[in-house]
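Morning, everyone. I'll keep this short and walk you through one structure, so have a look at it while I talk.

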Amino acid sequence: MSKEIASRKEDYSQWYNDLIIKGGLADYSAVRGCMVIKPYGFALWENMRDVLDKMFKDTGHQNAYFPLFVPKSLFEKEEQNAEGFAKECAVVTHYRLKLNPEKKGSLMVDPESKLEEELVIRPTSEAIIWSTYKGWIQSYRDLPLLINQWANVVRWEMRTRLFLRTAEFLWQEGHTAHATAAEAIAETKQMLEVYATFAEEFMAMPVIKGVKTPNERFAGAVDTYCIEALMQDGKALQAGTSHFLGQNFAKAFDVKFSDKENKLDYVWATSWGVSTRLIGALVMAHSDDDGLVLPPKLAPIQVVIVPIYKGDEQKKAIDEKVSELVKELKGAGVKVKYDDNENARPGWKFAEYELKGVPLRIGIGARDLANNVVEVARRDTKEKKSYPMEGLTQSITDLLNEIQKSIYEKAYSFREQNVTKADTWDEFVQLLDEKTGFISAHWDGTGETEDKIKELTKATIRCIPLDNPQEEGRCILTGKLSKERVLFARAY
RNA sequence: CGGGACGUAGCGCAGCCCGGUAGCGUACUAGCAUGGGGUGCUAGGGGUCGCAAGUUCGAAUCUUGUCGUCCCGACCA
């Protein structure tokens, strides 16, 4: 074993780091808190991006691009938003360097180049976008305005983790403007559905849709909807958010429109986003102690073919058979790689592609050629089986679908087993320490209680599930009356 | 920002306590054998020991400073 990875049981966060680094998704960089996304990891992101982008366009959105820099005076206009992000903003104060006269060969910030107004590097783009929308919206005829952008943002986090929380990350952010509150709320919910569908159907990761409590709300939002996923260590991960912004940003940036009766009103807004954090979620949702397990619908390589041979003659015969097979598989839309690299031996390749999470591996050698079969190994179950050459493409596409379904079901049943009800404080604390996962419990609805619980247990309210059953009960901390349960968990 | 660990070949590490020719594994290069689960043997190439100053005849090793990284916490839409 040349690439050892930690086991989940022995060191979960080391296991996670090992998968990312040794699986070739990303690398540490020269910049504190920032990572390099390597080709294999970026291919995964491109696949996610392509699917989401199509879903956004199918729901009527268009892409655009806004600047990385936000003048401080714009950034501070929506007070809650500005306050919420103030502590984690990188700020540009100068625009020039010069040679340092005191130290040969080094540069210094030229004090003469101080900017008149500082530029905030966007931690999110509401400010720059709404200052722009002001000029684009005059009439109800300009609405709805449905725009998305694919971009990078910077949040100067104290502690970073590969993909889950980096100082710079890639994401998409949708920013829409509507004539009525109802329409904006419908948009917010629609995009939450898009995210949930993406998570479940493509990432094979079950999520709980819900709404955040006021404490956990996006700074400047009226309501924050979210999808929450459960990781294998029992911690929750916020996988996507969709915000109903009310008229907060319209008022802050003075974006008004004339309705049909020629009355002026502020527009109603939404914003929604998912980020490269989803890659972290994907890694933790399905992978095992041998490496990544990727869902076929997003895997950069769906099938890898490994030849097993002695001598050039056998290799040649295999090459011929494989080239037919590759052609057929590609024709069926399968992303296939033939790894005939002479420098690595079969066993090495087997381990390598398992580490990289390739859903299916086809092994083909002289023995198989003689019998007109191949050996197919599933990454998720480690099952190996011989398949006849005839109809192989069909078998492969069936298997890929089967894997997609099967890893979803596995993750779903894990999630179901880890949503537990707690009715007393002792039960709640015990569950958090021993079983972890989501805990469904009554809460008195106050921010103070929520803070207190967080302080005592590090658990936060992940969400109030949509379509939550109404049920009389008493708050686990204060014993006050409550009309529904909410989901608590320790979270990333 | 607090606590901990660390910085020596691409990667993973030993050497440091007790100063004296910079080493191991892996990767890399070449050759032969091998090839159905991370090959074996042989021969090679590669390092201003994070950076700076100090002590010393002599510093990877001792002293001081400094920079950076990771982990745990605090913080975090």
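Okay, chain A has 14 helices and 26 strands. Before I go further, keep in mind that this is a predicted model. For overall dimensions, the C-alpha atoms of chain A fill a box of roughly 80 × 70 × 55 Å along the principal axes. Of the 492 residues in chain A, 52% are buried. And if you take the contacts in chain A with a separation of 6 or more, 68% of them are between residues 24 or more positions apart.

Let's go to the RNA, strand B. There are 40 residues around RNA strand B, and the ones that come nearest are Arg32, Arg155, Arg159, Phe169 and Asp368. Of the RNA atoms that come within 4 Å of the protein, sugar and phosphate account for 39%.

Which elements each supply at least two residues of the surface near RNA strand B? Those are helix H1, residues 12-22, helix H10, residues 346-355, plus S19 and H11. H10 has the largest share, with six residues.

Now a few individual atom pairs. Arginine 345 has a polar side-chain atom 2.7 Å from a base oxygen of RNA strand B. With glutamate 354, an N or O atom in the side chain is 2.6 Å from a base nitrogen of the RNA. Tyrosine 309 uses its backbone instead: one of its backbone N or O atoms lies 3.2 Å from a sugar or linking oxygen of RNA strand B.

Next up, helix H9, which covers residues 311-331. H9 has 21 residues and reaches 30 Å from first C-alpha to last, close to the 30 Å expected at 1.5 Å a residue. Which residues of H9 are buried? Lys315, Ile318, Val322, Leu325, Val326 and Leu329, so yes, there's a lysine in that list. Looking down the axis of H9, the buried residues fall within an arc of 110 degrees, so they line one face of the helix. The general background is that an α-helix has 3.6 residues a turn, so residues three or four places apart point the same way.

On the face of H9 turned away from that buried side, you find the exposed residues Glu313, Lys316, Glu320, Lys327 and Gly331. And what covers the buried residues of H9? The cover includes strands S17 (303-308), S18 (336-338) and S19 (360-365), along with helices H11 (366-371) and H12 (392-417). Notice that S19 and H11 have come up before, since they also supply residues to the surface near RNA strand B. Just after H9, glycine 333 takes a positive phi of about 80 degrees.

Following on from H12, asparagine 418 lies in the loop between H12 and strand S22, residues 419-421. Is asparagine 418 buried or exposed? It's buried, with a relative accessible area of 10%. Leaving out residues up to four places away in sequence, asparagine 418 touches Leu230, Lys435, Thr436, Gly437 and Phe438.

Last topic, cysteines. A search of the whole structure finds zero disulfides. Take cysteine 34: the nearest cysteine sulfur, in cysteine 89, is 15 Å away. Cysteine 34 is also buried, at 17% relative accessible area. Why is cysteine 475 without a bond? The closest cysteine sulfur, in cysteine 463, is 17 Å from its own, which is too far. Cysteine 475 counts as buried too, at 3% relative accessibility.

That's what I had, thanks.

Technical notes
Residues are numbered from 1 along each chain as its sequence is written. Chains are lettered from A and ligands numbered from 1 in the order in which they are written. Side-chain values use heavy atoms; hydrogens and water are left out. A disulfide is a pair of cysteine sulfur atoms within 2.5 Å. Buried means under 20% relative accessible area, exposed over 50%, partly exposed in between (1.4 Å probe, protein chains only). Helices (H or I, at least four residues) and strands (E, at least two) are DSSP runs, numbered from the N terminus. The expected span of a helix is 1.5 Å times one less than its number of residues. The arc is that of the directions from the helix axis to the C-beta atoms. Contact means heavy atoms within 4.5 Å. A residue is near a molecule or strand if one of its heavy atoms lies within 4 Å of it. A polar contact is a pair of N or O atoms within 3.5 Å; within protein, one must be able to donate a hydrogen and the other to accept it, and residues adjacent in sequence count only if both atoms are side-chain atoms.
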